[in-house]
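The exercises below are intended for a reader who meets this structure for the first time. Each consists of a task and a solution that proceeds step by step.

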Amino acid sequence: MKKFSIFLFFILIIQVVFSQSYLIDKVVARVGGENILLSEVEDEYAYMVASKAKISANAKCEILKNLIAQKLIVYQAKLDSVEVSDEDVESQLNFRFESILRQMNGDEAFFEDYYGATIGEMKERFREDQRQKLLAEKM
C-alpha cells in the first residue's frame, strides 16, 4: 500500500510539473451580447495574407475595429429584424473560396494543407461570419 501511495504521489508530481495551460481562444471584445474572439481576428488576418492584400503594421487592430463596427451594425439589424437568406450566404461563401482557390491555382490539396481543413469545413467555419457581414451590408 505504501509503494502504491508513493507511486501515485510521483504521478501527480509529474503531471503538475509537465502540465501546461494552452490558450484555446480568448474574448477580445464584447458588443451587444456578442463576443469577438481572438480566433476571429486571426482568421481575418489569415484571409488577408492568403488573398495577398496589402497588410499594414497595425492590420490586426484595424481588423478588430472593423469587427466591432460590424457587430454593432449586426446588433442593430437584429433589433430591426433584418434577415439574410441561406442562398445569399452560400453564394458569398462560394465566391470567397473560389477566389482563394484561384489564387492557389485551383489546388484543393494545397488549400487543405494551408488551412488544415477542407473547403466544406472552412465554409462551415465562416458561415455565421458571412451571415453577419451580409446583415451589416443590408443595414
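Helices and strands are DSSP runs, a helix having at least four residues and a strand at least two, and they are numbered from the N terminus. The model is predicted.

**Exercise 1. The chain as a whole**

Task: State how many helices and strands the chain has, and in what order its elements run.

Solution.
Step 1. The secondary structure amounts to six helices and two strands.
Step 2. Read from the N terminus, the order of elements is α-β-β-α-α-α-α-α.
Step 3. The chain has 139 residues, of which 27% are buried.
Step 4. About 9,900 Å² of the chain is exposed, and carbon and sulfur atoms supply 57% of that area.
Step 5. Among contacts with a separation of 6 or more, 59% join residues that are 24 or more positions apart.

**Exercise 2. Lysine 52 in its loop**

Task: Locate lysine 52 and decide whether it is buried or exposed.

Solution.
Step 1. Lysine 52 belongs to the loop between H2 and H3.
Step 2. The cut-off for an exposed residue is over 50% relative accessible area.
Step 3. Lysine 52 has a relative accessibility of 70%, and therefore counts as exposed.
Step 4. Along the chain, lysine 52 and glutamine 103 are 51 residues apart, while their C-alpha atoms are separated by 8.9 Å.

**Exercise 3. Helix H4**

Task: Compare the expected span of helix H4 with the distance between its end C-alpha atoms, and find what covers its buried residues.

Solution.
Step 1. Helix H4 covers residues 86–103, which is 18 residues.
Step 2. The expected span is 1.5 Å times one less than the number of residues.
Step 3. For H4 this gives 26 Å, and because the end C-alpha atoms are 26 Å apart, the two values agree.
Step 4. The buried residues of H4 are Val89, Leu93, Arg96, Phe97, Ser99, Ile100 and Leu101.
Step 5. The cover over these buried residues includes H2, helix H5 (108–115) and H6.
Step 6. From H6, isoleucine 119 is in contact with Phe97, Leu101, Glu108 and Phe111, its neighbours within four places in sequence being left aside.
Step 7. Isoleucine 119 is itself buried, because its relative accessible area is 16% and the cut-off is under 20%.
Step 8. The C-alpha atoms of isoleucine 119 and glutamate 98 are separated by 9.5 Å, with their positions 21 residues apart along the chain.

**Exercise 4. Positive phi angles**

Task: Describe where serine 81 and asparagine 105 are found, and what phi each has.

Solution.
Step 1. Most residues other than glycine have a negative phi.
Step 2. Serine 81, which is not a glycine, has a positive phi near 60°.
Step 3. Serine 81 lies in the loop between H3 and H4, and its relative accessible area of 57% makes it exposed.
Step 4. Asparagine 105 is likewise not a glycine, and its phi is positive at about 55°.
Step 5. Asparagine 105 follows H4, in the loop between H4 and H5.
Step 6. With a relative accessibility of 74%, asparagine 105 counts as exposed.

**Exercise 5. The cavity and the pocket**

Task: Determine which residues line the largest cavity and which line the largest pocket, and examine the place of lysine 71.

Solution.
Step 1. The count is one cavity of 30 Å³ or more, and the largest cavity has a volume of about 70 Å³.
Step 2. Its lining consists of Glu40, Glu44, Leu67, Gln70, Lys71, Asp129, Gln132 and Lys133.
Step 3. Helix H2 (38–50), helix H3 (59–79) and helix H6 (119–138) each give two or more residues to this lining.
Step 4. Sorted by class, the cavity lining has one nonpolar, two polar and five charged residues.
Step 5. The largest pocket holds about 160 Å³ of space.
Step 6. The pocket is lined by Glu34, Asn35, Ser39, Glu40, Asp43, Lys71, Arg125, Phe126, Glu128, Asp129 and Gln132.
Step 7. Strand S2 (34–37), H2 and H6 each supply two or more residues of the pocket lining, and H6 gives the most, with five.
Step 8. The classes in the pocket lining are one nonpolar, three polar and seven charged residues.
Step 9. Lysine 71 appears in the cavity lining and in the pocket lining, and its place is in helix H3.
Step 10. Lysine 71 counts as buried because its relative accessibility is 6%.
Step 11. Beyond its neighbours within four places in sequence, lysine 71 is in contact with Val31, Glu34, Asn35, Ile36, Glu40 and Gln132.

Definitions and conventions:
Residues numbered from 1 in each chain as written. Predicted model: local features only at pLDDT ≥ 70, side-chain atom pairs only at ≥ 80, totals over all residues. Heavy atoms only, no water. 1 Å grid on protein atoms, 1.4 Å probe; cavity = no way out; pocket = protein on both sides within 12 Å on 5 of 7 lines; lining within 4 Å. Points joined across faces, edges and corners; volume = space filled by probe spheres on them. Nonpolar A, V, L, I, M, F, W, Y, C, P; charged D, E, K, R; others polar. Buried < 20%, exposed > 50% of the residue type's maximum accessible area, 1.4 Å probe, protein only. Contact = heavy atoms within 4.5 Å. Areas by Shrake-Rupley, 256 points an atom, 1.4 Å probe, with all protein chains shown as cover.
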